[in-house]
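Here are my notes after going through the model. Have a look at the entry first, then read on.

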Amino acid sequence: MSTSTPASSSYLNNTTDDPTRRAPLIVGDNDFHSVTNAVCGIVEMPKTPPAWWIAFFISVSLTGVLFAMITYLITTGVGVWGLQTPVAWGWAIVNFVFWVGIGHAGTLISAILFLLRQRWRTSINRFAEGMTIFAVVCAGIFPGIHVGRVWVAYWLAPIPNQMSMWPNFRSPLLWDVFAVGTYATVSLLFWYMGMIPDLASIRDRAKSKVRWFIYGILSLGWRSSNRHWHRFEMAYLLLAALATPLVLSVHSVVSFDFAVSIIPGWHTTIFPPYFVAGAIFSGFAMVVTLVIPTRKFFHLEEIITLRHLESMSKIMLATGMMVGLAYSTEFFIAWYSGNSYEAFAFLNRAFGPYAWAYWIMVSCNVLVPQIFWVKKFRTNLIVLWIASILINVGMWFERFVIVVSSLSRDFLPSSWGYYRPSIVDVMTFVGSFGLFMTLFLLFVRFLPIVGMAEVKGVMPQAHLKDVAAQGHGDYHGDILTEKGEV
Amino acid sequence: MTEDKSNDIFTFPKWTWVLRPGVAVAAVGGLVYASVVIYLGFSPKATDVGYMPTQPVPYSHALHVGQLGMDCRYCHTGVEQTARATIPPTQTCMNCHSKVRANSEKLIPVRESYATGMPVPWIRVHDLPDYVYFDHSAHVRRGVGCVSCHGRIDTMEVVFQAEPLSMGWCLECHRSPEKHLRPAEFVTKLDWVPEEDQLALGSRLRETNNINPPTDCNTCHR
Amino acid sequence: MNVDTTTRSPADDDGAKLYGYVANFDKIDEFLDAVTKVRKAGFTKWDTHTPFVVHGLDAAMGIKPTKLPFLVFGAGLTGCTAGIALQWFTNAFDYPFLISGKPIFSLPANIPVAFELTILFSAITALVGMLAFNGLPQLSHPLHSSRLMKRATDDKFLISIEAADPNFDLIKTRELLESLGPLQVEAVEA
Amino acid sequence: MSSLKPEKGMQYWRSLDELAQTPEFQEAVQREFPNDEWDRLPPATRRQFLKVMGASFAFAGLTSCRWPKEEIVPFASRPDGRVPGVPEQYATAMEIGGSAIGLLVTSVDGRPIKNEGNPLHPDSLGALPATAQADILQLYDPDRSQRLVYRQSGQEFVKSWDDFAAWTGENIAGTGAGVAVLAEPSSSPSVARLRARFAEVMPDGSWYEYQPISRDAERAGITIAYGRPLRVHAHLDHAEVIACFDADPFFDHPAAIPMSRQFAESRQPSTQGISRLWVAEPAFTITGGRADHRQAVAGSAIPRLLAKLARELVANHNLALSEQAANLEPAFGPVSSEGDAFVTGLAVDLMSHRGSGVILVGPSQAPEVHALAAVLNQALGGVGNTVSYTEASDPERPSHMQAIADLAASVASGEIETLLILGGNPVYDAPADLGFTDLLAKVPNTVHLGLYEDETSQRCSWHLPRAHSLEAWGDGRAWDGTLTLQQPLIEPLYGGRTVAEVVAAVLAESTSNGYDIVRETVAPVFDGGDFEKSWERSLHDGVVKGTAQPLVAVELDGSGLAGAGAPLAELVAAAEPTAERPELVLTADRKVYDGRWANNAWQQELPDAITKTTWDNVLQVAPPTARDLGLSEGDVVEISAAGSSVELPVSLVPGQAAGTLTASLGYGRTAAGTVGNSVGSDVYRLRTTSSPWLVPEVDLRATGRNTILANTQDHFAIDAIGFGARNSRISTLVREVSIDRYLADPEVIHHMDHHPPLVSLWKDKQYEGEQWGMAIDLNACNGCNACVVACQAENNVPVVGREQVINQREMHWLRIDRYFKTEPGVGPLDVDDAEIAFQPMTCIQCENAPCEQVCPVAATQHTEDGINAMVYNRCIGTRYCSNNCPVKVRRFNFFNYHKNLEEVEKLQFNPEVTVRSRGVMEKCTYCVQRIQNVRIAARNDNRPLRDGEIVPACAQTCPTRAIAFGDLNDPASEVSRLREDNRAYATLVELNIRPRTQYLARLTNKVGGGKSSGRAPAHHGEDPTHGKETG
């Protein structure tokens, strides 16, 4: 990382804690144009770097594996997975919840931080939103293919039919269909809408007719008219206001799949907040995992600054603690409720056949984030990166523990079982990462990965010298250059 | 700091204004169109009604039932006792045709069958999915006329499927049977029409015979 | 940051029909002053083009708040009603079936779907409404043929005045614009 | 209709049932009627025909999605009384181990689809053991032999029956010198008659009877005691104290059904008290599971235990043995029953119930032990009341072990030219020490008649296909001697013939077809009257009334007993086996019996009642013994004795006698067929003529390999946490209380669970009209598995195979949960003794069914008559319902389990039940097809349903009538009555799921009440949460 020559790169560290000065959100000698160049430069690269090709090749081949597995699954039967009678939901659902969880950071960063006027979001929100979409795409695959008869899965939709049958709206699974569907749609709209002005920038810089044509279409003829900006701002605000409860609802509804059932270890009122916290947690972890290499590779250190990463690690620390609290609350309630089945379910998690998974979960999700109390670690990219990966591992295991360990031992000891994933389970999961990375790579190569318009809006140059004219007294910090202060 | 020195400014032609209304129309219209096509195209009304396979023997219900006035039950003996109406054995045909039209070549397959004991391979016209369990006796005994499901067989030269026989179609009658109930003696009278209003009659029969067809799944699916 | 100063003389501007003038600035404060002046000059068919949302610009231009929120609110209500209605019709009216001994129709079970549909309807309306009000997509617009406009999505701040404006005058308007101290003024053909 | 794609498979067999109306089948059916020419169709062609038909239908199914073309092929001329698609039932019979059991077989369009018991038959009483039910699968088994084979100098020739007739003409003639018959013992009078004819026609010929599993020891023991072979009949309905020494009267006995039913009835709570069952056995049996007092005793220690008892009775209770038996007493030896609670307690119990006690000894114990038991029964006054005797058929016959030994001897001496093996499979199941396989090679001409081309067939010069019992005429005798008729329901699919027919053919009898043979045999039985009338009557009933053997008065025989003293003393003195020098006890398998059902997929997949193992035979070891030997579940060990050795996986079974290993016969077949080949290991190899059931002092060596056993229960539940939780739950799941406690406080059952009041958020649904419900009496159930197979046969439940069972994907709709109840605080590996609790578990049809609310497409919902309906064709397979099912009785089709079935196998399908395809959930429906059909019939005759008119398959076949089904809204119905019973309780009542199936608690009758197995009763306050709030 940029620790090679401290002298030259010290300016990159804007993680000051000095309360008298607001730290700048963008560092370096940047003006609007340089920002445009930096971001559009990635899209306009004359030739794609070989590293990208290598990564892309790997991802695409993994995607191939994913679809091969899906074909095998659909032609042969769900039996190719490790599922069985007590544990009728396995990796497919675990992966679904895992990906949906990751799909939360984007909308959260865009929407909630927007409403909270967290201006530092601007550098990373586009990136995170993109990640959201791709994660939701991966998530969406699993409930789709995990049903026994994919070819009639459309019965989930309330379509008038010759059977005059309708879906059962009492089922959490159906709520899920609507929640995830809505979430995917809204995230996509949000993402695209924010991108329109930036697409216009690329269009206006286009040198080839093709590029101009494509981005021209995509940017819908945006001419950055302020009369448009006015409504754009309002629409964006509204979308943010809508997406915020949505993002909270989605994982709540996902958690209903479990909470509404009667299985000990599932039937818990704590699930919605617990799942949402977990989702944010894993979402941010995934953003960090992706953003650290990307910003290095495309030299975006000045735009996606160390301070951004530090803030995210703080959020991870906070949400990690929430998740930890949820774990302990579960145990307390299991004991306090006096319900012997509930009590056993949790003892069994911690000390039963699946104890190994449980303790991986606890150490990754609760212990690892504790290092973020120390600023040295928050700002050390290597540590941060590894931690973020561990957190993702932990969050996957959280879902595994919830789904599998609860199901494997419920009420009647006669029907207890032990679930083992099949190789197909594993390949499918790995494949889904391939799909995710493929989409992500295409995104960083062909779309503006930083919201230029928004970043410019929070740059020092964007704020008025004329105090009288200052709309509202928001101060975007001073320009930090390599020489230091201006 | 690169500066755009190129003189060519690309612009879209003026006609592209149509895109705006175009997109709107396409979005709305396409949706409507698709749903209509699917609804009409996939409904059994379109796919199943009118199925008229050619049978090994050109047996005419129009002739036997319509003109000669034979009762359905003469051939379909099981219809009042069992789930199946039962297709008659060749024996039944020969009861008459050993004398009547004994030499008609249309009847060759029948005579062959009778001689060899090999059956006549009729083609099934009214074919419910195999997970549907329909019981003729249960319906006929309650006064549901043959015509309600099979149409005017007595006018058919070649039998064809007159009703969709879809689940929704079954449910209509199970929900309001009065539309189809008739006195037991007229069950096989395909051309019978009630003197009074069908609904009045139907409701009365439903009342007296205590007919409440269930709409439970396992009424038909086992 | 050096600026391209190749200004085309008015002489070039006759001939083809004129859409209007475009002037570009690169300092926000100057730009805002200019905007205020243009507005004071009583133009109606004019606009500004900025690479990002400039605070106080709406005020300077005197743009009235948009009606979009009401539209979205309406859509939200529709979505919610549609959600409840759908669930009532399908599960309680058209083919009511007995599930887990629960009532045929009870609101709690219907809240999630109703909620999601509320969001879905409003979100779609928000985007579509915004585009509709802005008259987008509009791929072809005279301003797209302006060279200055190309930096409007980058780092320049533009004012455009349409020839169609009653107060528009080939010479005066141009002088007015040049008086505001822009980097350039360009006449754009319709 | 692409959405229906998976169902295409089903169309398939529905078409096949149309197929049943095709000429071939009609011919077949016609020919089953009297005086018809036997079919001479070369066997292969019928198979091909079936294949082709099936294939064509499959093709039809796959053509145009729009209108799958289906043909209807009506009769050319329909026989009277035949209505297509209407099931008919015929009474017939089958023979198991030399005793006939009556069947009532359901047949649709000429294809038998289900075996049920014949209510008029004394050994069936309407019920049927799992084996006899599963036998119908054998009928359609494509692996069954389908041709006559003649082998000569390593070459095979396919022959016809005529060729065989010609061959016998040349080779089996004259006085029969050098001709020997090795027949499977049969109770059939026809076979007996032909055997007599054989003796006449071929005086120099010899006839041997052998079967590996028999009650010969008992027969020998009785001969010792009474001087002649007699058949023992226990009347448990008269017994108040039942003592079983290594005996399993409820399962391993031709009259198991009547006996277990009598016992179940004697356990119904009454103020007179209930009977008490004492069991001493080396390994758990069905009977042992029901015991009030059970002691795990090594097989070799059973004689000592009985001797102890005798001594106790004589010495401490002054029981006078009759003087004929006096000289047995020394044999009781110096054993003292000091501190042996079992013996002392039993002695007291027997003495206080003189005349109403009975001592039963199992067939695997030595004759002397049986003799001693007979003596004690006599002395205790049980004879005539709890025990009675009838003359044994064929008193001269030597024991089967003797017979096969004699045959071996004469083969060895080269006397035998021609050996006819009629049924049986001696190459596989003859005692190892005879080396029968090699001997067989010495015989120039060998003929084998068998259902399969099995191990024996492959080594014989002739193989003849044998007719299945549902394909042939025959007769037999019940255990009590009642004459039973067997009529065919279908033409021999593969052109097989019966033993009687073959013998008749060999003897060139004038009447050589089964029908005539049987009529000739039974003619004398119908003395007087119109023969045809009585014949029709008997055919209809399946039994000839009043033909049971008369009971005989008996007198102990001093001389015989005198000789028994010494050997008994020897047995009593036998050394206790230890973990280091363990003994191996061989048993008849509860599923494949002697191996004859090895190729029966239903039986292979049926979980063993005790070990819950499928597709394998295991070495049962007591946990402490295993711990001492350092063995754990699934370890493969090598057991060797007398030179031969067998490898078996270890299965830890609490309640197994220490130092005693138990393994069941009938596995490790090499020529059983595709299903049964190389399943498990063949322990016949350790069997000897001298000691067929007990192999003392075997060497045991761990191979270091470990296999996963295909168990349907106890997956991975042996960790401390799971073990503890399991034990703590059993007492509320399977409630049990001593009769005394129950009589003292009838409400006690309802105090066994505690939970907050069960309140709903909404008004409870009121159910009008018929409301189906079920009551299962755990006090009657003995876990025999009959219901499991009945359900499988009725509902087209697929078999999934070993691998899938290991993946926990077995499909049984009805399973029997088996819990070992052990002392609290004892670790899983220290459990030396245990009690067993059985709980038949199937969909309990919750009124507030958790499965329903979670199904997104409403594929499972509640019907107006209160059934939790499962709609396969609506199911999309989210499996959410299974997750949310508290009792996990829903089964999912992970694959298309019917894909690999051959057409002929599909003929067994029940056309009244949809065959489920891949990707859908399925479960118990209370046999809704039976409900609907009966209901429609009743409605057609405008009459209300009668209670007991609708009987689900499981209830129909239950030997102990443990399952009751009926209308809960009808206060008079049996099920309502049982649900009002104080013993009635619902499982997991605290979940407020309101199951429609409730259980009746089990009663124990330990001496002095014993320790209550139930949870300590609660304060008897007015706790609203107690009792039947479960609707």
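1. A word on terms: buried means under 20% relative accessible area, exposed over 50%, and partly exposed in between (1.4 Å probe, protein chains only). This is a predicted model, in which local features need pLDDT of at least 70, side-chain atom pairs count only at pLDDT 80 or more, and totals for chains, interfaces and linings use all residues. Side-chain values use heavy atoms, leaving out hydrogens and water, and residues are numbered from 1 along each chain as its sequence is written.

2. Salt bridges (a side-chain nitrogen of Lys or Arg within 4 Å of a carboxyl oxygen of Asp or Glu) number 81 over all chains. One of them joins Arg935(D) to Glu770(D), with closest N and O atoms 3.1 Å apart. These two are 165 residues apart, so to speak distant parts of the chain. Glu770(D) is partly exposed at 27%, and Arg935(D) is partly exposed at 22%.

3. Look at Asp541(D) next. Its side chain meets Arg537(D) at 3.4 Å, N to O, and Lys545(D) at 3.0 Å, N to O, both in salt bridges. Asp541(D) is buried at 3% relative accessibility, whereas Arg537(D) is partly exposed at 47% and Lys545(D) is exposed at 55%.

4. On to the interior. The largest nonpolar core (buried Ala, Val, Leu, Ile, Met, Phe, Trp, Tyr and Cys residues joined through side-chain atoms within 4.5 Å) has 426 residues, and Trp99(A) and Phe245(D) have the most contacts inside it. Another core, of 28 residues, lies apart from it and includes Trp167(D) and Val506(D).

Notes. Chains are lettered from A and ligands numbered from 1 in the order in which they are written. Helices (H or I, at least four residues) and strands (E, at least two) are DSSP runs, numbered from the N terminus.
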